[in-house]
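Student: Please teach me how to read helix packing and salt bridges in a structure.
Tutor: Gladly. Let us look together.

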Amino acid sequence: MKKKIVFKEKYISYLIIVVMFAAAVVMIRTGTASRKLQSWLVPICINIILAVSLNLTVGFLGELTLGHAGFMSVGAYAGCIFSQAVQNVMPAAVRFPLAILVGGLSAALFSVIIGVPVLRLKGDYLAIVTLAFGEIVKSIIINLNITGGAAGLRGTPQDSNYIWAFALTLVTVVVITNLTESGQGRAIKAIRDNRIAAEASGIDVTYYRLMAFVIAAFFAGVAGVLYGHNYSITSAGTFDYNKSIEILVLVVLGGLGSIRGSIIAATLLYILPEVLRDLQDYRMIIYSVVLILIMIINSSEQFSSVKELLDIRKAFRKLFSEKQKGEALNDQE
Amino acid sequence: MIRNNDVKMVPLPSNAIVPERDVDKPPVLSVHQLGIDFGGLTAVDNFNFIMGRTEIGGLIGPNGAGKTTVFNLLTNVYQPTRGTILLDGVNTSGKSVSQVSRMGIARTFQNIRLFDRMSVIDNVKIGLHNRYDSNLLSSVLHTPGYFRHEKQADEKAMELLSFFDMQDYAQHDAGSLPYGAQRRIEIVRALATEPKVLLLDEPAAGMNPSETEELAENIRRIRDTFGIAIVLIEHDMNLVMGVCEGIAVLNYGRIIAKGTPDEIKSNPDVIEAYLGKQEDR
Ligand SMILES: Nc1ncnc2c1ncn2[C@@H]1O[C@H](COP(=O)(O)OP(=O)(O)OP(=O)(O)O)[C@@H](O)[C@H]1O
Ligand SMILES: [Mg+2]
């Protein structure tokens, strides 16, 4: 019974992405999508990849990291520099997937370098270290020549498009969903729930913490490559501390450990400020009010009952599981 | 009523005692001169302990005597200041907690430690983790091999849960269950790691007499079915005297008495440790 529900939830996540993609294709083909709307597609996908991957560390592993933008920038610069180097040797269709791999693996490599010393420690050192990492990466990029320094990196081929973006988003969501359902995902969640018991049950805690951290960084790097190939200039300032916090907000609003929630939050919170752009003066005020409202709705008791009423499927499940629990308890007597 | 054992305990050359049926086999656990200091405080000292392969042993003593600390030493949560631990003849010194678990020591905790937000069956599957899990690639791709492993783990987990009549709880969140059920899930999860030695830290705490009686039968059933050794820390003397074959009594971190339940019951040092000196009473 439970199995079916798990499956359903995961397919809803996939469906959201496929439907968004289908809608984009139809609107672009029929010419109903404005230029502005088209320009949103890649950034929305980037946002989803960032939020879903960060959810793996923050939601499933239960470790606060504040350097997701740092891994994104490592991926962006590695991917862009690679694409520029091979620009005249390879066609875009070969170059871009390779750039994605280069960017993802570079970010993963950095996460190993940070993760190996830090994740074997018992305390919550990861937040501090990843925060510092993001800032250090930023200063290094600003001070190097190969990255274009403070002026930013120009001349990257514009290989990103919405088809690639949606494909990579789907890959990210499928990989992370499958991972969290598997034995590895179980180990990761067990460490979150009770590290000491996980260790005593034979789980190699450092290994699985590292696994979650590195996979999340890989996808942050992929998002960075998409980003770097979508704009004519990549500048280090984009990937600062604020960007990391912004991604964290998406994860928290969507719900820790909820992949579907991350997808929805990442989409809505990209669209909202864009739509509000016309109301220049009030934009940030409305945006903050909406954020606060979502926070309250997500956390308050009264609202959660309203939310449950709206979520029919969940209501059914609750009804069902309570009935079952009742029976189980009766059996116990 | 918890029924008593009728087992003959025989001395080894080291003058530890083990059940007669285990005497020809090498002991599963052999602890020599174990000790640990926390700063200036010597929490455990001079701890010598032998467990027969299928023995049910008891570790008792007043609050703060160092019983849980001994379990933490046996599972390498703490590094001992002195002494050695041989698990089935292998020194566990320098191994990590998870390695020791894989070598064959499983435990439950005095304060229940479950994976609260995971289902009961997933809690048990964590115990099975090192036997049934597929590699990262097949997990991420959900290959046929992945589904096969999951199915095997599910079946094994259900089998273990049904051993305690817990199969109906399988899909519930572990954290939502009543206390007694949580204690049992902890034991199932520990058994899932296929231990040679099972350490139970106050498993009867918070249980009523009938639950405790059921626990006593379950402890015997575990030993008979899985053929493993069990060490029991418990304050409930009926339980300890009923199920344990050999008992060690700790006071201020040192063993003050060892023997069969009958010997322990009549030992003046033990009575003094529990009730205070004659003139204090
Ligand atoms: N990590 C530690 N650091 C410092 N002191 C400790 C530590 N762990 C245990 N102790 C001390 O060691 C002594 C023994 O504690 P322990 O928990 O082993 O007792 P216990 O016999 O299990 O008692 P209880 O029956 O109350 O569970 C206590 O004085 C305790 O304060
Ligand atoms: Mg204790």
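The dialogue below takes helix packing, then salt bridges.

Tutor: This is a predicted model, where local features need pLDDT of at least 70, side-chain atom pairs count only at pLDDT 80 or more, and totals for chains, interfaces and linings use all residues. Residues are numbered from 1 along each chain as its sequence is written, chains are lettered from A and ligands numbered from 1 in the order in which they are written, and side-chain values use heavy atoms, with hydrogens and water left out.

Student: At what angle do the axes of helix α2 and helix α6 of chain A cross?
Tutor: Helices (H or I, at least four residues) and strands (E, at least two) are DSSP runs, numbered from the N terminus. Axes are lines fitted to C-alpha atoms, for helices over the stretch in contact, and angles run from 0 to 180 degrees between N-to-C directions. Here α2 (residues 35-60) and α6 (residues 162-181) of chain A cross at roughly 15 degrees, and their axes come within 8 Å. That makes α2(A) roughly parallel to α6(A). Angles under 35 degrees count as roughly parallel, over 145 as roughly antiparallel, 65 to 115 as roughly perpendicular and the rest as oblique.

Student: Which residues meet between α2(A) and α6(A)?
Tutor: Contact means heavy atoms within 4.5 Å. Among them are A:Leu41, A:Ile48 and A:Phe60 in α2(A), and A:Tyr162, A:Phe166 and A:Ile176 in α6(A). The residues of this contact divide into 15 nonpolar, 4 polar and no charged. Ala, Val, Leu, Ile, Met, Phe, Trp, Tyr, Cys and Pro count as nonpolar, Asp, Glu, Lys and Arg as charged, and the others, Gly among them, as polar.

Student: How many salt bridges are there over all chains?
Tutor: A salt bridge is a side-chain nitrogen of Lys or Arg within 4 Å of a carboxyl oxygen of Asp or Glu. The search finds 25 over all chains. In one, B:Arg117 meets A:Asp193 at 3.4 Å, N to O. B:Arg117 lies in the loop between β8 and α3 of chain B and A:Asp193 in helix α7 of chain A, so the pair joins two chains.

Student: Is A:Asp193 buried or exposed?
Tutor: Buried means under 20% relative accessible area, exposed over 50%, partly exposed in between (1.4 Å probe, protein chains only). A:Asp193 has 18%, so this residue is buried. B:Arg117 has 55%, so this one is exposed.

Student: Which residues are linked in a network of salt bridges?
Tutor: A:Arg186, B:Lys125, B:Glu150 and B:Asp154 are.
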